[in-house]
Amino acid sequence: MLPKTPAETLASLGFDPQLLEYPFPAETGWCIHCFRVSLRAWDETKWGQPFKVNCIRDPVTSKRCQRCCHARHRCELPYEGIRGHGFELQALLEWVQEIWINEESGIGKGEDVGLVHDIEIVNAVAGAVRDLCSALDCLIKSHGKAHSLAGRHGGDAADMAAYTQYCTHQHASFQAPSSLGLRSDGTPHPKLVQFEHAARQYLRLETQFALPWYIEVLALKQTIEALIREKYDHSDPNIARWYKDMMAAFPLAIPLL
């Protein structure tokens with residue numbers, strides 16, 4: 001009898017072989033390393049497409065993503081004490097994707113020709129998105145350094161125990177919202193709503209250490225407000241309605257400011 005392949009062995013244990021054949025991109029469960037690599041790779045030549053974290057996970061064979069597995073790199077999710085900020089970023093990326101959907105040569109087409117955005121507008125928004133992602137990276141680094149979690153091997157056992165105790169203490173006073181559930185028609189909520197809700201289900205910093213992050217969140221919002229205000233004819237009811245709806249859908253309340 002021929003020996004079983006790894007896929008056959010796992011299938012015999014009840015795993016779905018399709019999970020091995022089709023690893024999936026981790027839209028929210030991306031690791032810190034892939035976030036940084038993706039951000040470095042998303043330069044001006046790539047701004048014709050919205051920013052996405054390229055982190056591919058195989059949920060069966062490895063606890064590490066493909067990139068970290070191949071490079072034998074430590075694969076870490078955003079730290080537990082600031083994981084809510086990662087979901088804040090995902091909500092903002094989903095919100096701002098509207099700009100790329102209506103870009104004149106980009107990934108989609110708007111229904112109204114008056115709402116098509118030229119590449120100058122897209123580049124301005126992309127610059128603000130890059131600054132936003134850089135601010136989150138700085139937050140991750142500062143939080144990791146403050147709790148001795150950063151570095152190739154991370155903290156030692158004592159550091160990890162202290163951080164676990166810190167997160168436990170934070171959870172003690174944390175009030176997470178109830179489960180989001182489905183919409184009244186039985187369908188899932190849009191991703192933007194799901195990400196915003198998830199951000200409030202995980203720990204976030206409510207101190208001055210989060211201030212640079214929220215300054216960039218506000219800067220992104222103000223950049224888009226200014227671009228829309230200056231570039232479009234608001235006497236057009238379609239544009240006025242689109243502007244109102246988009247700004248009303250901004251997913252975050254901005255604390256500390």
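**Note on aromatic pairs, helix packing and selected loop residues**

1. A search of the whole structure, which is a predicted model, finds nine aromatic pairs. Ring pairs link Trp 30, Phe 35, Trp 42, Trp 47, Phe 51 and Trp 100 into a cluster.

2. Within this cluster, the pair formed by Phe 35 and Phe 51 can be described in detail: the ring centres are 6.4 Å apart and the planes stand at 75°, so the pair is edge-to-face, given that planes over 60 degrees apart are counted in that way. Phe 35 belongs to helix H3 (residues 32-41), whereas Phe 51 is found in the loop between H3 and strand S2 (56-57), so the pair ties together parts that are 16 residues apart in sequence. Both Phe 35 and Phe 51 are buried.

3. A second pair, that of Trp 95 and Phe 250, is also edge-to-face, because the ring centres lie 4.9 Å apart and the planes are at 90°. Here Trp 95 comes from helix H5 and Phe 250 from the segment after helix H10 (237-248), so the parts tied together by the pair are 155 residues apart in sequence. Trp 95 has a relative accessibility of 4% and therefore counts as buried, and Phe 250, with a relative accessible area of 10%, is buried as well. Phe 250 has a further partner, in that the charged end of Lys 221 sits over the ring of Phe 250, 4.9 Å from the ring centre.

4. How do the axes of helix H5 and helix H6 cross? The axes of H5 (residues 83-101) and H6 (residues 119-146) come within 11 Å and cross at roughly 175°, and because angles over 145 degrees count as roughly antiparallel, the two helices H5 and H6 are therefore roughly antiparallel to each other. On the side of H5, the contact is made by His 85, Gly 86, Leu 89, Leu 92, Leu 93, Val 96, Ile 99 and Trp 100; on the side of H6, the residues are Val 122, Val 125, Ala 126, Val 129, Leu 132, Cys 133, Leu 136 and Leu 139. Sorted by class, this contact of H5 with H6 has 14 nonpolar, two polar and no charged residues. Trp 100, one of the contact residues of H5, is also one of the residues linked in the aromatic cluster.

5. Helix H6 also contains Asp 137, for which the relative accessible area is 10%, so that Asp 137 is buried. Leaving aside residues up to four places away in sequence, Asp 137 touches Phe 35 and Arg 36; Phe 35 is the residue of helix H3 that pairs with Phe 51.

6. Two residues deserve a check of their backbone, since each has a positive phi although neither is glycine. Arg 72, with phi near 55°, is placed in the loop between helix H4 (66-71) and H5, and its relative accessibility of 68% means that Arg 72 counts as exposed. Ser 148 likewise has phi near 55°, but is placed in the loop between H6 and H7, and is partly exposed, with a relative accessible area of 37%.

7. The loop between H6 and helix H7 (157-172) also holds Leu 149. Is Leu 149 buried or exposed? Its relative accessible area is 3%, so Leu 149 is buried. Leu 149 and Met 160 are 11 residues apart in sequence, and their C-alpha atoms are 7.4 Å apart in space.

Methods
Residues are numbered from 1 along each chain as its sequence is written. This is a predicted model: local features need pLDDT of at least 70, side-chain atom pairs count only at pLDDT 80 or more; totals for chains, interfaces and linings use all residues. Side-chain values use heavy atoms; hydrogens and water are left out. Axes are lines fitted to C-alpha atoms, for helices over the stretch in contact, and angles run from 0 to 180 degrees between N-to-C directions. Helices (H or I, at least four residues) and strands (E, at least two) are DSSP runs, numbered from the N terminus. Angles under 35 degrees count as roughly parallel, over 145 as roughly antiparallel, 65 to 115 as roughly perpendicular and the rest as oblique. Contact means heavy atoms within 4.5 Å. Ala, Val, Leu, Ile, Met, Phe, Trp, Tyr, Cys and Pro count as nonpolar, Asp, Glu, Lys and Arg as charged, and the others, Gly among them, as polar. Rings of Phe, Tyr and Trp (its six-membered ring) pair if their centres lie within 6.5 Å; planes under 30 degrees apart count as stacked, over 60 as edge-to-face and the rest as tilted. Buried means under 20% relative accessible area, exposed over 50%, partly exposed in between (1.4 Å probe, protein chains only). A charge sits over a ring if NZ of Lys or CZ of Arg is within 6 Å of the ring centre and within 35 degrees of the ring normal.
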